[in-house]
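Reader: I have this model open at the bench and would love a close look at one part of it. Could you pick a strand and walk me through its surroundings?

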Amino acid sequence: MKCKVSGKKIFKFMSFGKMPMANGFLDEKNFKNEFFYNLEVGFCKENYLFQINDHPKSQKIFNNKYPFYTSKSRYMIKHFKNYFNWLKKNYLTTNSRIVEIGSNDGTFINNFKNFNIEHCGFEPSKNVANFSKKRGIKVIPDFFNLKNASNLKKFKYKTDIICAANVISHIPNLNDLIKGIDLLLSKKGVFVFEEPYLGSMLKKISYDQIYDAHVYMFSLLSVRSIFKKFGFDLIDAVPQITHGGSMRYVISRTKTRTVKPRLKKLIQKEINMGMNKIDRYLKFKKDCELSRKNFKKEIENYKNNGKKICGYAAAAKSTTVLNYCGIGRNYIDFIADSTKEKIGKYSPGMHIPIVSIDHFHKNRPDVTVLFSWNHKREILEKEKNFSKNGGKWISHVKK
Ligand code: SAM
């Protein structure tokens, strides 16, 4: 197993075994042909990079049927408005040009459009890219990479902000990505991106962040080390509560901007947690195994006591939990979700039926596994009648 960035041999510390595609919701007729790959996780000592080994090609994941729309979450719409305001306060000027990588249905970039900022999104999943086009957003319906970035002549060395959220960890070829950023960014430009944070995952034992699309889980140590090789500095970082704990990273060309004092403290925290050492990852492996044992026992206890159990939110993350813990239809009757592309299909690997939220309301279980535990507040508020009537929410994430 080699590091996708340094090319050095990496330390493989965990295997989740055979996994189906996290978003591979399927019809019954396709059960026999379902695609599986080996989900293994490793750590590169050279650049502190946490990564998965064998992952399906990006085109297999991000295509015309990508089932994730940012605008489905009111909370995320608000978050992106705040993210925009933060950029406006710190880095945006009226003449700025901006590029968003992974602009999805346009939720974030729409804020720039409304502010009359010259913008361009890169979005390879055609269904969501078309959705954003209808909102009047300028979007290139393709992957962000060096080749596609070099076609964007007007933005070459003139882009003041390149921004992204929850996409950089999906891009296997980080070296090519950074070369693309280098080509577009102006002299004092910044690259700002947010990703689920490795430190939060280790603390919460939220191993469901690990699946095919998440090729990497970043830390400050890894981001600083990778970008340094290309002549960039990590100049700031701001912890976020989104997606169960994320980090916003700010990158600039080396020595063009001052490094924010809080960065030093955040990096020291990572070192104190041992995130630069392999032992921390071996501990994580043990934590995951114990979490699996306890979660399975919890579900079995409910089942043995005659409780009806269902799932809520067929998020990509649920695929890792269900397949790693071996929880199938023998425990969970159905998973309720609001995405029309998923309803009527079956969950990847475990083949649990996906039903509408309406079905959940009409067939209330006793216990509901909340797979989108990171949207707990929003969902519990929306489904407060379930709790009022004695329904119980559970999740494998306890912290
Ligand atoms: N940024 C949005 C958000 O945070 O809600 C969407 C995140 S979604 C998890 C990831 C998005 O990145 C998808 O819409 C996907 O199609 C897109 N994507 C994946 N690889 C990409 C690449 N190389 N360049 C640009 N977008 C990419």
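Author: Happy to! Let's begin with one facing pair: phenylalanine 191 stands opposite isoleucine 251, a residue of strand 11. Please keep in mind that this is a predicted model.

Phenylalanine 191 leads us to the strands themselves. Strand 8 (residues 185-196) is joined to strand 11 by 7 bridges, and the two run antiparallel. Strand 11 also pairs with strand 10 (residues 232-240), again in the antiparallel sense, over 8 bridges. In that pairing, alanine 237 is found opposite tyrosine 249 of strand 11. As general background, strands of a sheet pair through backbone hydrogen bonds, either parallel or antiparallel.

How enclosed is strand 11 by the rest of the structure? Strand 11 covers residues 246-253, and 8 of its 8 residues are buried, so it is largely enclosed by the rest of the structure. Buried here means under 20% relative accessible area.

Now for the connection to strand 10. Strand 10 and strand 11 form a hairpin with 5 residues between the strands, and in this hairpin histidine 243 takes a positive phi near 50°. A positive phi also turns up elsewhere in the chain: glycine 136, which follows helix 4, has one near 90°. In helix 4 (residues 126-134), the buried residues are Asn127, Val128, Ala129 and Ser132. Strand 6 (139-140) is included in what covers them.

For contrast, you might turn to another sheet in the model. This is an open sheet of 4 strands, ordered 1-2-3-9, with antiparallel pairing. Strand 1 (11-20) and strand 9 (216-217) stand at its edges with a single partner strand each, so one side of each has no neighbour in the sheet. Helix 10 (residues 278-304) packs on this sheet, where it touches strand 1, strand 2 (36-44) and strand 3, and its direction makes about 35° with that of strand 1. Strand 3 (residues 49-52) pairs with strand 9 in the antiparallel sense over 2 bridges. There, glutamine 51 has tyrosine 216 of strand 9 as its bridge partner.

Stepping back to the whole chain, the domain assignment gives domain 1 (1-305) and domain 2 (306-394). Their contact takes 44 residues from domain 1 and 38 residues from domain 2. About 3,800 Å² is buried between these domains, with carbon and sulfur atoms giving 64% of that area. On the domain 1 side, Phe25, Tyr302 and Lys303 lose the most area to domain 2, together 20% of what that side buries.

Technical notes: Residues are numbered from 1 along each chain as its sequence is written. This is a predicted model: local features need pLDDT of at least 70, side-chain atom pairs count only at pLDDT 80 or more; totals for chains, interfaces and linings use all residues. Side-chain values use heavy atoms; hydrogens and water are left out. Two strands pair if DSSP finds at least two bridges between them. Contact means heavy atoms within 4.5 Å. Axes are lines fitted to C-alpha atoms, for helices over the stretch in contact, and angles run from 0 to 180 degrees between N-to-C directions. Buried means under 20% relative accessible area, exposed over 50%, partly exposed in between (1.4 Å probe, protein chains only). Domain bounds come from an automatic or database domain assignment. Buried area is the accessible area (1.4 Å probe) that two parts lose on being put together, summed over both.
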